[in-house]
Amino acid sequence: MEDLNKAIGRAVEVFANLAKSIVELAKSIANILFPVLKSNNWRKLHGLPMRRRRRTCGKRKIHTWNT
């Protein structure tokens, strides 16, 4: 019975250490990814101009349809 209790205790320690290492790995991945996701480089990554073109005031596109 004592051997069984020791084995169960060791298994619990192993799972606790495994859980701690998984949490640490998740934290390190989050620390790496969050600055990348927060930066506004989406347009740069997709080859688009960083700033949108602004039209001058009053120069709206007028649609004319031939009927």
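How many helices and strands does the chain have?

1. Overall fold. The chain has two helices and zero strands. This is a predicted model, and the points below should be read with that in mind.

2. Burial. The chain holds 67 residues, and 0% of them are buried. Its accessible surface comes to about 7500 Å². Carbon and sulfur atoms account for 60% of that area.

3. Nonpolar patch. Met 1, Leu 4, Ile 8 and Val 12 make a nonpolar patch on the surface. The patch covers about 450 Å².

4. Val 12. This residue sits in helix α1, which runs over residues 2–38. Is Val 12 buried or exposed? Val 12 has a relative accessible area of 52%, so it counts as exposed, the cut-off being over 50%. Val 12 is also one of the residues that make the nonpolar patch.

5. Ser 21. Helix α1 also contains Ser 21. Its relative accessibility is 35%, so Ser 21 is classed as partly exposed. That class lies between the 20% limit for buried and the 50% limit for exposed.

6. Polar contact at Ser 21. Which backbone atom lies 2.7 Å from a polar atom of the Ser 21 side chain? The partner is the backbone oxygen of Leu 18.

Note on methods:
Residues are numbered from 1 along each chain as its sequence is written. This is a predicted model: local features need pLDDT of at least 70, side-chain atom pairs count only at pLDDT 80 or more; totals for chains, interfaces and linings use all residues. Side-chain values use heavy atoms; hydrogens and water are left out. Patches are made of residues with over 30% relative accessible area and no salt bridge: like charges are joined within 9 Å, nonpolar side chains (Val, Leu, Ile, Met, Phe, Trp, Tyr) within 5 Å. Accessible areas come from the Shrake-Rupley method with a 1.4 Å probe; for residues, only the protein chains shown count as cover. A salt bridge is a side-chain nitrogen of Lys or Arg within 4 Å of a carboxyl oxygen of Asp or Glu. Helices (H or I, at least four residues) and strands (E, at least two) are DSSP runs, numbered from the N terminus. Buried means under 20% relative accessible area, exposed over 50%, partly exposed in between (1.4 Å probe, protein chains only). A polar contact is a pair of N or O atoms within 3.5 Å; within protein, one must be able to donate a hydrogen and the other to accept it, and residues adjacent in sequence count only if both atoms are side-chain atoms.
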